[in-house]
Amino acid sequence: GADCRTTHIIAERMRLKIMESPFVIDEQSIHLTISGGVASYPETACGSVEMLLNEADKALYQAKGIGRNNICC
């Protein structure tokens, strides 16, 4: 039930937290990045959960398309 701006803020906080927290594999520290797509209801006009997920999926591919490590709504 959150609007797009709020979902974007939440996802962006997650993205930043993942970036700043090193991930250790075999005693090597690596930094992870993520791309994310978010959609919100009722802001996104859709008739089903599947349609909402499809909108979030489109936003994910948009985020990847602009250089990865981004969040799009």
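Start by selecting Lys58 and Glu55: these two sit three residues apart in helix H2, so about one helical turn separates them. This is a predicted model, and the tour below moves from this pair to the rest of the chain.

**Stop 1: the pair in helix H2**

Show the side chains of Lys58 and Glu55. They form a salt bridge, and the closest N and O atoms are 3.3 Å apart. Side chains of opposite charge can pair when their charged atoms come close. Now turn on the surface: Lys58 is partly exposed at 48% relative accessibility, and Glu55 is partly exposed as well, at 30%.

Stay in helix H2, which covers residues 49-65, and pick Leu53. Is Leu53 buried or exposed? With a relative accessibility of 56%, Leu53 counts as exposed, because the cut-off for exposed is over 50%. Next, draw a distance from the C-alpha of Leu53 to the C-alpha of Ser40: you should get 9.5 Å, for residues 13 apart in sequence.

**Stop 2: helix H1**

Move to helix H1, residues 4-20, and select Thr7. Thr7 has a relative accessible area of 17% and is buried, because buried means under 20%. Which residues does Thr7 touch, beyond its neighbours within four places in sequence? They are Ala2, Val38, Ser40 and Cys73. You met Ser40 a moment ago, as the partner in the distance to Leu53.

Further along, select Arg15 and Glu12. Their side chains meet in a salt bridge, at 2.5 Å from N to O. The two are three residues apart in helix H1, so about one helical turn lies between them. Arg15 is buried, at 10% relative accessible area, while Glu12 is partly exposed, at 22%.

Then select Lys17 and Glu20. Here too the side chains meet in a salt bridge, at 3.3 Å from N to O, and the residues are three apart in helix H1, about one helical turn. Glu20 counts as exposed, with 53% relative accessibility. How many salt bridges does a search of the whole structure find? It finds three.

**Stop 3: the whole chain**

Zoom out and colour by secondary structure. You will find two helices and four strands, in the order α-β-β-β-α-β along the sequence. The C-alpha atoms fill a box of roughly 50 × 20 × 20 Å along the principal axes. The radius of gyration is 14 Å, whereas a compact globule of 73 residues would have one near 11 Å. Finally, show the surface of the whole chain: 22% of the 73 residues count as buried.

Notes: Residues are numbered from 1 along each chain as its sequence is written. This is a predicted model: local features need pLDDT of at least 70, side-chain atom pairs count only at pLDDT 80 or more; totals for chains, interfaces and linings use all residues. Side-chain values use heavy atoms; hydrogens and water are left out. The radius of gyration is taken over C-alpha atoms; the globule rule is 2.2 Å times the number of residues to the power 0.38. Buried means under 20% relative accessible area, exposed over 50%, partly exposed in between (1.4 Å probe, protein chains only). Contact means heavy atoms within 4.5 Å. A salt bridge is a side-chain nitrogen of Lys or Arg within 4 Å of a carboxyl oxygen of Asp or Glu.
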